[in-house]
Amino acid sequence: MAGKARMLALDEDLQHMLISAVRYAMGRRTYVVSWTVSYIMTLIPDMDTKVLTIMKRDYEEAPSLGDACDKQDWDRFYDVVFTELKKRGEIV
């Protein structure tokens, strides 16, 4: 399937799969952290508030974010999620 782009709707099922991807990658110390963060960050403006709230909570409650480089990626991710929720009036 190399070279073929497939468009997926950012529906409820896909958004819940993205929650799973965040939970899988959180605390790992591999390339999957930056890959997951980079992929999902582009979708944040179009994601449901409920999903973003779950991702925010998962970040805040994570026992570990990995190494320093991983933490930098997660901090960037958190900032974008937090800013989007604030923009929507979910955080005051």
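Modeller: A crossing is left-handed if the near helix is turned anticlockwise from the far one by less than a right angle, right-handed if clockwise. The model is predicted, with local features needing pLDDT of at least 70, side-chain atom pairs pLDDT 80 or more, and totals for chains, interfaces and linings using all residues. Numbering runs from 1 along each chain as its sequence is written, and side-chain values use heavy atoms, without hydrogens and water.

Biologist: With which hand does helix 3 pass helix 4?

Modeller: Helices here are DSSP runs (H or I, at least four residues), numbered from the N terminus. Among the helix 3 residues in contact (heavy atoms within 4.5 Å) with helix 4 are Leu52, Met55 and Tyr59. Trp74, Phe77 and Val81 are among those they meet in helix 4. Helix 3 passes helix 4 in a crossing that is left-handed.

Biologist: Where do the buried residues of helix 2 fall, seen down its axis?

Modeller: Val32, Val33, Thr36, Val37, Ile40 and Met41 of helix 2 (residues 32-41) are buried (under 20% relative accessible area; exposed is over 50%, partly exposed in between; 1.4 Å probe, protein chains only). Trp35 and Tyr39, on the other side, are exposed. The cover over the buried residues includes helix 1 (12-25), helix 3 (49-61) and helix 4 (68-87). Directions from the helix axis to the C-beta atoms put the buried residues within an arc of 145°, so they line one face of the helix.

Biologist: Is aspartate 58 buried or exposed?

Modeller: Aspartate 58 sits in helix 3. Leaving aside residues up to four places away in sequence, aspartate 58 touches Ile19, Arg23 and Met26. Because its relative accessibility is 12%, aspartate 58 counts as buried.

Methods:
Helix = DSSP H or I, 4+ residues; strand = E, 2+ residues; numbered from the N terminus.
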